[in-house]
Every structure is written in structure tokens, then in C-alpha cells.
Amino acid sequence: MHEAQFYTNSGDTDIKCLLCPHECIIKEETYGRCNVRMNIAGKLYSENYGKVTGLNFDPVEKKPFYNFFPGKMIQSVGTYGCNLACSFCQNYHMSQAEIHNIVTSKYYNPSEIVEATLANKNCCGISYTYNEPVVWYEFMMDIAEMAKEKDLVNTVVSNGYINPKPLDKMLNVIDGFNIDLKGFSKDFYIKLTKATFYPVKETLKKIAKSNAHLEITNLIIPGLNDDPVIFGEMTDWIASELGKNTPLHINRYFPCYKLNIEQTKIETLVELKKIASKKLNFVYCGNISAIYGESNTICPKCKKTVIKRLGYEIYIDQIDKKGHCVQCKYKIAVC
Ligand code: SF4
């Protein structure tokens with residue numbers, strides 16, 4: 001067990017965890033809502049520190065990042081646990097794993113992860129992903145600080161449900177974020193994720209103002225968050241608050257975990273992409289076959305296809321080494 005950061009003692013031995021907006025009051029010998037931060041004798045511990053459930057080299061596009069080191073590989077690492085409880089979780093076997101009935105994990109210390117990453121010369125860095133990295137904050141930060149010293153990039157795939165202070169500290173070492181914007185209403189968040197909406201918007205605004213690269217993923221679930229009007233409000237908000245160059249991944253939902261609604265129709269994704277493309281420069285459909293051609297990157301200025309994607313085959317001959325369109329020099333990607 002590793003002592004956690006961001007908590008205060010509340011009462012004799014009760015603890016208030018300040019890592020995420022739930023701000024759980026945790027009694028002795030019990031866990032917070034994420035089921036991985038435990039009060040032992042008035043100290044908060046991160047139970048999943050170093051307990052790796054997934055460690056793989058992936059294309060950066062798989063996270064997904066489409067405008068950040070396109071075509072590179074990245075070391076993906078995950079543990080278990082989550083601070084949200086989405087009924088449609090697509091990774092529930094890791095994120096919603098019961099504490100004593102988890103998927104197999106193997107202990108790694110941070111330097112082992114960094115060394116394994118450095119050994120792959122085609123790998124640009126590390127991605128903290130699979131389950132929610134916020135709930136293994138200490139392990140993530142220990143790896144990220146070490147990785148930074150070795151000139152590796154750090155990326156996070158997160159639900160964005162984190163308090164401002166720990167996020168500020170992350171912004172010192174994390175270079176790229178993909179934040180899952182699950183819906184665009186208070187109701188959606190409360191009913192389907194058991195969390196509140198406002199903190200996710202604040203996280204997005206803070207990242208957009210920082211030097212870190214930001215992409216957003218929105219999983220489209222039929223009947224729950226595919227209303228074109230609300231979706232349009234979301235894309236308006238992204239354009240005005242975060243910037244029109246914020247890449248948006250509109251992903252196809254498949255029935256999973258507790259939700260058994262039929263998978264999203266391709267036509268729905270394509271229609272929503274048209275709406276988003278009126279306001280945003282980089283909009284992609286995800287979790288669909290490459291035959292639809294909806295995941296290419298088009299230069300917003302000269303309209304050339306600058307990155308072509310056929311699954312995880314990536315053709316990037318139309319951008320230069322600094323990530324600019326070779327035709328018109330518009331900045332497309334961080335490279
Ligand atoms: S990180 Fe876990 S324990 Fe801490 S406030 Fe969030 S859900 Fe509660």
C-alpha cells in the first residue's frame with residue numbers, strides 16, 4: 001500500500017479525500033467510492049499503486065489521439081478502479097473490478113515502466129489509460145515525472161473528474177489529454193455515471209488554457225445522448241470555450257456492462273459528425289470500419305486529406321515533421 005495524496009483528516013480517524021469532486025468521507029478500514037483508496041488508522045492509502053492490469057504498446061491512434069504524434073506507438077498502462085459508475089462502461093472488467101475479485105494484476109515499480117518504454121525506439125511515451133488514471137494518481141505521477149526526465153511524452157485518457165489542485169500538478173508533467181465527455185447535461189451525468197457534470201467542464205476549460213494538447217471523446221448511445229440539438233449545443237460549447245481546433249472523436253457504442261441498448265447506427269454518427277464539423281476543425285467517427293472514411297484528417301484551410309487512416313494503418317505524408325500541412329502550412333498536429 002502506498003500513502004495517497006490530497007486528503008485531510010476529518011474528525012478523529014475519518015478522512016476526507018480531496019482528489020476528485022466526490023470528496024468522500026472515508027471511515028477507518030473502509031474505501032471511498034472508487035473502491036481503491038482506503039483509510040487505515042487515519043491515513044489514506046492507494047490500494048492499486050503499482051498493480052498493473054494492462055501494459056501494451058499501442059498505436060497512439062488507439063487511445064484515441066489523432067492530432068498528437070500521429071503514427072507513433074505509445075506504452076499503455078492501466079490498473080483497476082474508477083471514480084465514476086457508468087452503466088455503459090466499455091472497460092468495466094478493469095474499471096469496475098471488485099477489490100478482492102479483480103482481473104489479474106502484476107506489480108511494477110515506476111522505473112520498470114519507464115525502462116520498458118525506452119527500450120522500444122518507435123515509442124514516443126506513455127499513456128495512462130484502460131481504467132481511470134485519476135484513481136491511481138500517485139502511481140501515474142511517479143511514472144510521469146520519471147518519464148519526463150527521460151524526454152518521453154505523457155498522455156492521459158480520463159473522465160476528467162478531478163479536483164483543480166491535483167489537476168494543476170498533472171499539468172506540469174502530462175503533455176496530452178483525451179477527456180471522455182460522456183454527455184452534455186447534468187441529468188445524463190447523474191443518472192448514467194453517478195457523478196456531476198460541472199467539474200468535467202471545468203477540467204476541460206483548465207486543460208484548454210494550459211500548454212497540454214487536448215482531444216475529446218464522446219460515446220454516442222442511442223436514445224441517451226444522440227439528440228442532435230443537445231449534441232449541437234455541446235459542439236458549440238467546445239468551439240467557444242475550448243477552441244475550434246479541439247479534436248472530437250464521436251465514437252460508436254456497443255452494448256456493454258449494465259446497458260443493453262442496441263449499438264449506434266453508422267448513419268447517426270455520420271449525421272452528428274456533419275453537425276460538429278460546422279463548428280470544429282477536426283471531427284472523427286470512431287469504433288467504425290475504415291471503409292466509411294470518417295476518420296481521416298482534413299486540413300481546415302486547404303481541405304486536403306493530410307492524414308489517411310485505414311484502421312491502424314496511418315498515412316501521414318501530407319504533414320511535415322513539425323505537424324504542418326505541406327500544402328498550406330496550417331498547424332495540424334503535435335509531432
Ligand atoms: S478519488 Fe476515490 S476516494 Fe477520493 S474522492 Fe474520488 S471517489 Fe472518493
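How many bridges join strand S18 to S19, and in which sense do the two strands run? That was my opening question for this notebook, and I kept in mind from the start that the model is predicted.

**Entry 1: the strands S17 to S19**

I looked up strand S18, residues 305-310, and found three bridges joining S18 to S19, with the two strands running antiparallel. For one pair I checked who faces whom: Arg309 stands opposite Ile314 in S19. I then stepped back to the sheet, which is open and built of three strands in the order S17-S18-S19, with antiparallel pairing. Strand S17 (297-298) and strand S19 (313-315) are the edge strands with a single partner each, so each has one side without a neighbour in the sheet.

**Entry 2: how the chain is divided**

Next I wanted the overall layout. The protein is split into domain 1 (2-46), domain 2 (51-293) and domain 3 (296-335). I noted a distance of 25 Å between the C-alpha centres of domain 1 and domain 2. Contacts between these two domains involve 15 residues of domain 1 and 17 residues of domain 2. On the domain 1 side, I sorted the touching residues by class and got nine nonpolar, five polar and one charged.

**Entry 3: the sheet of S1, S6 and S5**

In what order do the strands S1, S5 and S6 lie in their open sheet? I found the order S1-S6-S5, again with antiparallel pairing. S1 and S5 are at the edges, and each has a single partner strand, so one side of each lacks a neighbour in the sheet.

I followed the pairing residue by residue. Strand S1 (residues 2-3) is joined to strand S6 (residues 43-46) by two bridges. His2 has Ser46 as its bridge partner in S6, and Glu3 has Tyr45. On the other side, strand S5 (residues 37-40) pairs with S6 over four bridges, in the antiparallel sense. Here Arg37 is partnered by Ser46 of S6, and I had already met Ser46 as the partner of His2.

S5 and S6 form a hairpin with two residues between the strands, and in this hairpin Ala41 has a positive phi near 50 degrees.

**Entry 4: around the ligand**

Which residues surround the ligand? I listed Cys17, Leu19, Cys20, His22, Glu23, Cys24, Gly32, Arg33, Cys34, Arg37, Asn83 and Val135. By class, this shell holds six nonpolar, three polar and three charged residues. Arg37 is a name I knew from the previous entry, where Arg37 was paired with Ser46.

Glu23, also listed around the ligand, made me pause. Glu23 lies in the loop between strand S3 (15-17) and strand S4 (25-26). Its phi is near 45 degrees, which is positive although the residue is not glycine.

**Entry 5: a cis peptide bond**

I reminded myself of the background: most residues other than glycine have a negative phi, and most peptide bonds are trans. With that in mind I turned to Lys63 and Pro64, which are joined by a cis peptide bond with omega about 5 degrees. Where does Pro64 sit? I found Pro64 in the loop between strand S8 (54-59) and strand S9 (73-78).

**Entry 6: two helices crossing**

Last, I looked at helix H7 (residues 228-242) and helix H8 (residues 266-277). Their axes come within 9 Å and cross at roughly 40 degrees. The crossing of H7 past H8 is right-handed. From H7, the contact uses Pro228, Phe231, Gly232 and Thr235; from H8, Glu271, Leu272, Ile275 and Ala276. I sorted these contact residues into five nonpolar, two polar and one charged.

Key: Residues are numbered from 1 along each chain as its sequence is written. This is a predicted model: local features need pLDDT of at least 70, side-chain atom pairs count only at pLDDT 80 or more; totals for chains, interfaces and linings use all residues. Axes are lines fitted to C-alpha atoms, for helices over the stretch in contact, and angles run from 0 to 180 degrees between N-to-C directions. A crossing is left-handed if the near helix is turned anticlockwise from the far one by less than a right angle, and right-handed if clockwise. Two residues are in contact if their C-beta atoms, placed from the backbone, lie within 7 Å. Ala, Val, Leu, Ile, Met, Phe, Trp, Tyr, Cys and Pro count as nonpolar, Asp, Glu, Lys and Arg as charged, and the others, Gly among them, as polar. A residue is near a molecule or strand if its C-beta atom, placed from the backbone, lies within 6 Å of it. Two strands pair if DSSP finds at least two bridges between them. Domain bounds come from an automatic or database domain assignment.
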